[in-house]
Amino acid sequence: MFGDFLKSLLAPEPAPLTEADGRLALAALMVRLARSDGDYAAAEIARIDRVLTARYGLSEPDARALRGEAEALEAEAPDTVRFTRAIKDTVPYEDRLAVIEALWQVALADGARDHEEDSLLRLVTSLLGVTDVDSAMARQRIETRG
């Protein structure tokens with residue numbers, strides 16, 4: 001289903017993502033993070049939908065549909081290292097930083113810091129080329145908002 005998209009994303013010199021493909025790839029990262037602890041909790045699913053609604057101005061049904069596509073893409077996507085490096089090469093830093101903030105929202109959605117989620121978030125932060133300081137500041141913003 002996503003074969004052509006993944007091939008283009010993982011090409012030796014990938015072209016910049018279209019807005020729609022960028023949304024899908026970044027939503028898939030949120031899904032991957034939420035699934036990383038083996039408990040894809042309802043709170044995390046709801047948070048992904050809220051993030052997609054707020055970030056992209058989507059209706060609730062459109063956000064759910066995008067998340068559904070992202071769930072399918074995440075299941076087919078290659079390992080996190082190749083997937084995130086490909087995104088790094090095609091998405092501007094400011095957008096990658098916003099993704100890290102969205103990932104923190106998902107990681108903290110169920111009220112618990114999980115070792116697997118923390119570990120994956122540190123890896124994704126590094127692979128997306130976002131600094132640890134910027135990631136920590138993003139986490140603090142999310143924790144402050146509650």
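This report walks through a predicted model of one protein chain, from its overall fold down to a few single residues.

**The fold at a glance**

Start with the secondary structure: there are eight helices in the chain and zero strands. Going along the sequence, that reads as α-α-α-α-α-α-α-α. The chain has 146 residues, and 47% of them are buried. Its accessible surface adds up to about 7200 Å², with carbon and sulfur atoms accounting for 51% of that.

How far apart in sequence are the residues that touch? If you take contacts between residues at least 6 apart in sequence, 76% of them join residues at least 24 apart.

**The core**

In soluble globular proteins, nonpolar side chains tend to be buried together. Here, the largest nonpolar core holds 37 residues, and the members that touch the most others are Leu29, Met30, Leu52, Ile100 and Leu103. Plenty of helices chip in: H2 (19–35), H3, H4, H5 (80–90), H6 (93–107), H7 (115–127) and H8 (132–145) each supply at least two residues of this core. Which helix gives the most? That would be H2, with 10 residues.

Met30 is a handy place to look at the core up close. Setting aside neighbours within four places in sequence, Met30 is in contact with Ile48, Val51, Leu52, Ala102, Leu103 and Val106. Two of the names there, Leu52 and Leu103, are also on the list of core members that touch the most others.

**Where H3 meets H4**

Two packed helices are described by the angle between their axes and the distance between the axes. For H3 (residues 42–56) and H4 (residues 60–76), the axes come within 9 Å and cross at roughly 115°. The crossing of H3 past H4 is right-handed. On the H3 side, the contact is made by Ile45, Ile48, Asp49, Leu52 and Thr53, while H4 brings Glu60, Ala63, Arg64, Leu66 and Arg67. What kinds of residues are these? Sorted by type, the contact of H3 with H4 has five nonpolar, one polar and four charged residues.

**Arg67, Glu71 and Tyr40**

Now for a charged pair worth clicking on. Arg67 sits in helix H4, and so does Glu71. Is Arg67 buried or exposed? Its relative accessible area is 12%, so Arg67 is buried. Glu71 comes in at 18%, and therefore counts as buried too.

Leaving out neighbours up to four places away in sequence, Arg67 is in contact with Val31, Tyr40, Ile45, Ile48, Asp49 and Leu52. With neighbours left out in that way, Glu71 touches Val31, Arg35 and Tyr40.

Tyr40 turns up in both of those lists. Tyr40 belongs to the loop between H2 and H3 and is partly exposed, at 23% relative accessible area. Beyond its neighbours within four places in sequence, Tyr40 is in contact with Val31, Ala34, Arg35, Ile45, Ile48, Arg67 and Glu71.

**Ala107 and Gly129**

Further along the chain, Ala107 is in helix H6. Why does Ala107 count as buried? Because its relative accessibility is 2%, and the cut-off for buried is under 20%. Not counting neighbours within four places in sequence, Ala107 is in contact with Leu33, Ala112, Glu117 and Leu121.

Gly129 lies in the loop between H7 and H8. At 32% relative accessibility, Gly129 is partly exposed. Apart from residues up to four places away in sequence, Gly129 touches Lys88, Tyr93 and Arg96.

**Separations in sequence and in space**

Here are three residue pairs with their C-alpha to C-alpha distances.

| Pair | Apart in sequence | C-alpha to C-alpha distance |
|---|---|---|
| Ala107 and Asp118 | 11 residues | 7.6 Å |
| Gly129 and Arg85 | 44 residues | 8.5 Å |
| Tyr40 and Asp110 | 70 residues | 9.9 Å |

Definitions and conventions. Residues are numbered from 1 along each chain as its sequence is written. This is a predicted model: local features need pLDDT of at least 70, side-chain atom pairs count only at pLDDT 80 or more; totals for chains, interfaces and linings use all residues. Side-chain values use heavy atoms; hydrogens and water are left out. Axes are lines fitted to C-alpha atoms, for helices over the stretch in contact, and angles run from 0 to 180 degrees between N-to-C directions. Helices (H or I, at least four residues) and strands (E, at least two) are DSSP runs, numbered from the N terminus. A crossing is left-handed if the near helix is turned anticlockwise from the far one by less than a right angle, and right-handed if clockwise. Contact means heavy atoms within 4.5 Å. Ala, Val, Leu, Ile, Met, Phe, Trp, Tyr, Cys and Pro count as nonpolar, Asp, Glu, Lys and Arg as charged, and the others, Gly among them, as polar. A nonpolar core is a set of buried Ala, Val, Leu, Ile, Met, Phe, Trp, Tyr and Cys residues joined through side-chain atoms within 4.5 Å. Buried means under 20% relative accessible area, exposed over 50%, partly exposed in between (1.4 Å probe, protein chains only). Accessible areas come from the Shrake-Rupley method with a 1.4 Å probe; for residues, only the protein chains shown count as cover.
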